[in-house]
Amino acid sequence: MKRNLAILFCILFLADGLKAQSKYGADSVNCVMNLSLYREYYKQKNYDDALKPWRWVYNNCPSSSGNIFKNGPTLIKYMIKKHAEKKTAYTDTLMMIYDKRIQFFGKEGYVLGRKGADLIKYAPDRFEQAHAILSKSIDIQGNQSEAGTLLAYFKATTLMEKNSKVDKQIVLESYARVAEIADYNISNNSKKDKYVQASDIIESLFAPYANCNDLVQIFAAKFDASTEDVDFLTRITKLLDSKECTNNQLYFDAATRLHELSPSALSASKMGKLNIAKKDYITAVNYFKQAVELEEDANTQARYYLELTDAYRLLGSYSKARMMAFKSAELRPDWGEPYISIANIYISSANKCSSSEFEKETVYWVAVDKFIKAKLVDATLTEKANKAIATYSKYFPNTETCFFKGVESGQNYKVECWINETTKVRTRD
């Protein structure tokens, strides 16, 4: 029995020895010693002293630890920074480290992403090589591609286009490719912030390449009206906004869905404006009401009241429009825009408040009164108000007409219809 146990121990000992030798190489003692030495220096960020023992294990026992290849790029990047004149040589070394990592530890798609990203960073003139490496990485990794890989790939693509290696269509296709993966990770990855940051930079790189039609074509193919992806919808509306590409059904549908999923005063205001553009004033009124209700800041709420004012004016609900303008003025007493709006309401209603040319012309008296009020409460509107006063004073009745109507300049006069406001008689001559 004892003899059998002894044999068993010998077999286990020999097996461990063979395993250690295959892992640490022929010189296992020096391998273990240099591994320990470089790791200790590395942890202390003493990269100068870490480099020599790291290089030894890299050359003599590369399969002994994955850390050799995880830490190696940091050491080489340190040397690139320290010795800029040797940047090309060190960049080649960096590439070899990634290749050897794949050889010994696999994870080809992931490692190629890191390799390509570093190549485009340290040797942007090698953009064709970087593009090929990164494209292969994304082919392998798919939705598991790192944010940095996506950004580097798209940057390499733009460099390819700038150097006439690919045409604009390839840039559009590359954008669609990385945007889809980024969207997936923004929705499903715990490290979504990295993908959001990468997406912002990718979009800034993409912006010069795409006109409105290109953007609509790309996003329309990916848009689903029932989507729950707020980040994707935000990206669509943000990018289309940046290209002044809002007069299309895709933008309208995306903004509508975004407001449904994540309503805010700002999104409600935006939806109101979109419906104004479509001349759907009733729907616009409802959205501007939401904006007023959702907004807490008084100054911003005052602005939304004016947007509601304009929607009511376009709808022909002049009395409600004026009421909203006065609410705006209450919130911002030193702001003259509400009075500009009321003047425009009066002007819009002039044709509907007249059984005669004279009655129509009297509406311009109360309109000008409001322009005067605007500049009195808000000096910044003086120039704007004065131009309006000069324009609409030309529509006052003349002296002869006033004479036959039995009124004189300076006399009080009540403008009726829905306005019911007392003003002073004035003539244009």
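This report looks at empty spaces, helix pairs and two loop residues in a predicted model.

Residues are numbered from 1 along each chain as its sequence is written, and side-chain values use heavy atoms, with hydrogens and water left out. Because the model is predicted, local features need pLDDT of at least 70 and side-chain atom pairs count only at pLDDT 80 or more, while totals for chains, interfaces and linings use all residues.

**Empty spaces**

Rolling a probe the size of a water molecule over the atoms shows where empty space is left. The search runs on a 1 Å grid over the protein atoms alone: a cavity is a set of points where a 1.4 Å probe fits but cannot get out, and a pocket is an open set with protein on both sides within 12 Å along at least five of seven lines. Lining residues have an atom within 4 Å of a point. Grid points are joined across faces, edges and corners, and a volume is the space filled by probe spheres set on the points.

The structure holds one cavity of 30 Å³ or more. The largest cavity has a volume of about 40 Å³. Its lining includes G109, Y110, G113, S137 and Q141. Q144, S145, E146 and T149 also line the largest cavity. Two helices, α6 (108–122) and α7 (127–141), each give two or more residues to this lining. The largest share, three residues, comes from α6. Helices here are DSSP runs (H or I, at least four residues) and strands are too (E, at least two), numbered from the N terminus.

The largest pocket has a volume of about 390 Å³. It is lined by 21 residues, and the closest to its centre are Y110, R114, E146, G148 and K194. Elements giving two or more residues to the pocket lining are α4 (67–82), α5 (87–105), α6, α8 and α10 (192–206). Here α6 gives the most, with six residues.

The table sorts both linings by class. Ala, Val, Leu, Ile, Met, Phe, Trp, Tyr, Cys and Pro count as nonpolar, Asp, Glu, Lys and Arg as charged, and the others, Gly among them, as polar.

| Lining | Nonpolar | Polar | Charged |
|---|---|---|---|
| Largest cavity | one residue | seven residues | one residue |
| Largest pocket | seven residues | five residues | nine residues |

**Helix pairs**

Two packed helices are described by the angle between their axes and the distance between the axes. Axes are lines fitted to C-alpha atoms, for helices over the stretch in contact, and angles run from 0 to 180 degrees between N-to-C directions.

The axes of α6 and α7 come within 8 Å and cross at roughly 155°. The two helices are therefore roughly antiparallel (an angle over 145 degrees). The axes of α11 (residues 212–222) and α12 (residues 230–242) come within 11 Å and cross at roughly 165°. That makes α11 roughly antiparallel to α12.

Handedness comes next. A crossing is left-handed if the near helix is turned anticlockwise from the far one by less than a right angle. α6 passes α7 in a left-handed crossing. α11 passes α12 in a left-handed crossing too.

**Two loop residues**

Most residues other than glycine have a negative phi. S164 has a positive phi, near 60°. S164 lies in the loop between α8 (147–162) and α9 (168–188). S164 is exposed (over 50% relative accessible area), at 65%. Its C-alpha atom is separated by 22 Å from that of I218, 54 residues apart along the chain.

C417 also has a positive phi, near 60°. The place of C417 is in the loop between β1 (412–415) and β2 (421–424). At 40% relative accessibility, C417 counts as partly exposed (between 20% and 50%, with a 1.4 Å probe and protein chains only).

Note on methods: Angles under 35 degrees count as roughly parallel, over 145 as roughly antiparallel, 65 to 115 as roughly perpendicular and the rest as oblique.
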